[in-house]
Amino acid sequence: MRRSLYTVGAVLVVGAAAAAAPATAAESSDASLSVLHGVPDLTVDVYVNGALTLDNFTPGTLAGPLSLPVGSYQLAITAADATDASAPVIGPVDVSLAAGGNYTATANLDAAGTPTANFYTNDVSAVEAGKSRLTVRHVAAAPAVDVLAGGTPIVPNLSNPGEATLTTDPGTVSAAVAAAGTTQPVIGPADLTLGEGTSTIVYAWGSLEAGNLALATQVIEGVHSSPGAVPGGQSGLAAGTEDTGAAVGIGAGLLALLGGAVVVNRRRAARA
């Protein structure tokens with residue numbers, strides 16, 4: 001079983017961006033799109049609007065951010081030796097990118113182990129001064145899990161393809177993932193560094209049955225606030241999320257570990 005933490009750097013896919021013109025361009029401002037490959041043991045190609053955009057895309061890789069004009073796009077994931085997008089192994093799926101929007105599309109396994117795709121809107125609103133934002137997303141073929149920090153559950157009972165967001169103090173935490181209701185890690189533990197004024201997104205991907213669960217991380221810089229400025233709605237709440245669930249209580253151990261109040265918001269991904 002893989003127990004590593006994948007810190008995935010940005011991979012620019014500039015050449016294909018020009019070819020991937022929007023199906024419907026509504027505004028001139030661009031949107032940012034990242035793509036995570038979370039299907040184990042499967043190298044693929046990614047097509048955007050029929051244009052080859054990511055060639056030989058390997059599992060655990062995060063590509064982007066790719067700057068694309070606002071509009072609607074069709075994403076298709078094919079076998080690596082495909083000559084075009086006519087026979088995708090995942091999709092095609094249609095997505096819409098709004099002006100200034102920040103998105104991540106994932107190719108991953110659903111809870112039963114079937115390849116699928118999900119489309120997430122990343123929260124890039126300002127985080128409270130001196131704080132950091134952490135989002136965890138479950139895109140693995142596995143039952144519901146608990147996300148642990150320092151051995152303490154901070155996000156309980158997270159199911160594929162759900163996500164949860166926390167606003168916390170910056171620093172380094174020992175992160176792990178365990179089956180819901182347990183504390184025995186099935187991924188990790190691994191150190192996770194949360195920078196001030198950043199938004200860190202952690203993906204649990206792979207397959208529990210196949211023993212290849214892993215973590216991938218995506219860091220979005222520049223969401224800090226000026227000192228003393230506390231953006232509205234962020235005091236005790238994750239910033240700007242489309243909250244669709246109740247806040248989840250955090251244990252005292254975690255509060256001590258992270259050194260501040262932490263609140264979790266949950267929402268489910270828009271399955272592409």
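Start with strands 12, 11, 14 and 15: in this predicted model, the four make an open sheet, lined up in the order 12-11-14-15 with antiparallel pairing. Strand 12, which you can select as 152–158, sits at one edge, and strand 15 is the other edge strand; each of them pairs on one side only. Look at how the neighbours lie relative to one another: on average, adjacent strands in this sheet are turned by 20°, direction ignored.

Now zoom in on strand 11, residues 145–149. Four bridges tie strand 11 to strand 12, and the two run antiparallel. For a landmark, pick valine 145 and look across to strand 12, where leucine 158 stands opposite. If you like to show hydrogen bonds in your viewer, this is a good moment: strands of a sheet pair through backbone hydrogen bonds, either parallel or antiparallel.

Next, go to the edge strand 15, residues 185–194, and select proline 189, which lies in that strand. What kind of peptide bond joins glycine 188 and proline 189? A cis one, with omega at about 5°. As background while you check the backbone there, most peptide bonds are trans.

Time to move to another sheet. Select strands 4, 3, 6 and 7: these four form an open sheet too, in the order 4-3-6-7, with antiparallel pairing. The edges here are strand 4 (51–57) and strand 7 (90–97), and each pairs on one side only. Neighbouring strands are turned by 20° against each other on average, again with direction ignored.

Walk through this sheet pair by pair. Take strand 3, residues 44–48, and strand 6, residues 71–79. Five bridges hold strand 3 and strand 6 together in the antiparallel sense. Valine 44 is a handy pick, standing opposite alanine 79 of strand 6.

From strand 6, step over to strand 7. How many bridges join strand 6 to strand 7? Six, and the two strands run antiparallel. Two cross-strand pairs are worth colouring: tyrosine 73 stands opposite valine 95 in strand 7, and leucine 75 has valine 93 as its bridge partner in strand 7.

Stay in strand 7 and select proline 92, which has its place there. Glycine 91 and proline 92 are joined by a cis peptide bond, with omega about 5°.

Swing over to the edge strand 4 and pick asparagine 56, which is in that strand. Its phi is near 55°, a positive value in a residue other than glycine. Is asparagine 56 buried, partly exposed or exposed? Partly exposed, because its relative accessible area is 44%, between the 20% and 50% cut-offs.

The last stop is aspartate 41. You will find aspartate 41 in the loop between strand 2 (30–38) and strand 3 (44–48). Check the backbone here: phi of aspartate 41 is near 60°, another positive value in a residue other than glycine. Most residues other than glycine have a negative phi. Switch on the surface and look at the side chain: aspartate 41 counts as exposed because its relative accessible area is 74%, over the 50% cut-off.

Definitions and conventions: Residues are numbered from 1 along each chain as its sequence is written. This is a predicted model: local features need pLDDT of at least 70, side-chain atom pairs count only at pLDDT 80 or more; totals for chains, interfaces and linings use all residues. Side-chain values use heavy atoms; hydrogens and water are left out. Two strands pair if DSSP finds at least two bridges between them. Axes are lines fitted to C-alpha atoms, for helices over the stretch in contact, and angles run from 0 to 180 degrees between N-to-C directions. Buried means under 20% relative accessible area, exposed over 50%, partly exposed in between (1.4 Å probe, protein chains only).
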